[in-house]
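The following exercises ask the reader to work through a structure step by step. Each task is followed by a worked solution.

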Amino acid sequence: QSQVPRVDDPTTAPYDSMGLKLNKRAAAVASEYSDVIGFATFEVFTKSEETKFGGSTNRAITSGKRVLRLTGSPAYTAKNRYGLPDAVNLSWNDFESEFLKR
């Protein structure tokens, strides 16, 4: 599981960021010394739809495919020191295959 702290950046709108479920110091140590931190999630797409009064709204749609994100973003914690791709299918075989290419 992860923690979801709110980030109040003065240059952007506030947003939530998924982090490691550890206290701040332990998370910092784990992040510093880990070679790979993956974020497991579903592959999500957004679809824009028109509303009744001429406006539009965005809906999140998932393909049901699970992926392991290996490059960090403001939305979640992830990293790798091996030059792995941004994301791989969430399976050990796919991760190991990409890892052994390096």
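**Exercise 1. Determine which residues T71 touches, leaving aside those up to four places away in sequence.**

Solution. Step 1: leaving out residues up to four places away in sequence, the contacts of T71 are Y76, A78, N80, P85 and D86. The model in which these contacts are found is a predicted one.

Step 2: one of these residues, D86, also makes a polar contact with T71, in which the two side chains come to 2.8 Å.

Step 3: T71 itself is placed in the loop between β7 (56-69) and β8. Its relative accessibility is 33%, and T71 therefore counts as partly exposed, since that class lies between the limits of 20% and 50%.

Step 4: the C-alpha atom of T71 is separated by 12 Å from that of D35, a residue 36 places away along the chain. D35 returns in the next exercise.

**Exercise 2. State how many salt bridges the structure holds, and describe the one formed by D35.**

Solution. Step 1: the number of salt bridges is 4.

Step 2: D35 meets R81 through their side chains, at 3.2 Å from N to O. This pair links distant parts of the chain, for R81 belongs to the loop between β8 and β9, D35 belongs to the loop between α1 (24-33) and β5 (36-37), and 46 residues lie from one to the other.

Step 3: consider the exposure of both partners. R81 has a relative accessibility of 47% and so counts as partly exposed. D35, with a relative accessible area of 33%, is partly exposed as well.

**Exercise 3. Describe how strands β6 and β7 are joined, and find the partners of E49.**

Solution. Step 1: β6 (residues 39-50) and β7 run antiparallel and are joined by 11 bridges. Their hairpin has 5 residues between the strands, and G54 there takes a positive phi near 85°.

Step 2: in β7, the residue opposite E49 is T57.

Step 3: the salt bridge of E49 is formed with R59, and the closest N and O atoms are 2.9 Å apart. This salt bridge connects strand β6, where E49 lies, to strand β7, where R59 lies, and the two residues are 10 residues apart.

Step 4: E49 has a relative accessible area of 24% and is therefore partly exposed. R59 is also partly exposed, at 43%.

**Exercise 4. Decide whether E98 and K101 are each buried or exposed, and name the network to which they belong.**

Solution. Step 1: the side chains of E98 and K101 meet in a salt bridge of 3.2 Å, N to O.

Step 2: E98 has a relative accessibility of 19% and so counts as buried, the limit being under 20%. K101 reaches 55% and therefore counts as exposed, the limit being over 50%.

Step 3: E98 and K101 are joined with R102 into one network by salt bridges that share partners.

**Exercise 5. Identify the residues that form a nonpolar patch with Y82, and locate Y82 in the chain.**

Solution. Step 1: Y82 shares the surface patch with F99 and L100, and together they have about 290 Å² of accessible area.

Step 2: Y82 is situated in the loop between β8 (79-80) and β9 (87-89). The relative accessible area of Y82 is 33%, so Y82 is partly exposed. R81, the salt-bridge partner of D35, is found in this loop too.

Definitions and conventions. Residues are numbered from 1 along each chain as its sequence is written. This is a predicted model: local features need pLDDT of at least 70, side-chain atom pairs count only at pLDDT 80 or more; totals for chains, interfaces and linings use all residues. Side-chain values use heavy atoms; hydrogens and water are left out. Patches are made of residues with over 30% relative accessible area and no salt bridge: like charges are joined within 9 Å, nonpolar side chains (Val, Leu, Ile, Met, Phe, Trp, Tyr) within 5 Å. Accessible areas come from the Shrake-Rupley method with a 1.4 Å probe; for residues, only the protein chains shown count as cover. Helices (H or I, at least four residues) and strands (E, at least two) are DSSP runs, numbered from the N terminus. Buried means under 20% relative accessible area, exposed over 50%, partly exposed in between (1.4 Å probe, protein chains only). Contact means heavy atoms within 4.5 Å. A polar contact is a pair of N or O atoms within 3.5 Å; within protein, one must be able to donate a hydrogen and the other to accept it, and residues adjacent in sequence count only if both atoms are side-chain atoms. Two strands pair if DSSP finds at least two bridges between them.
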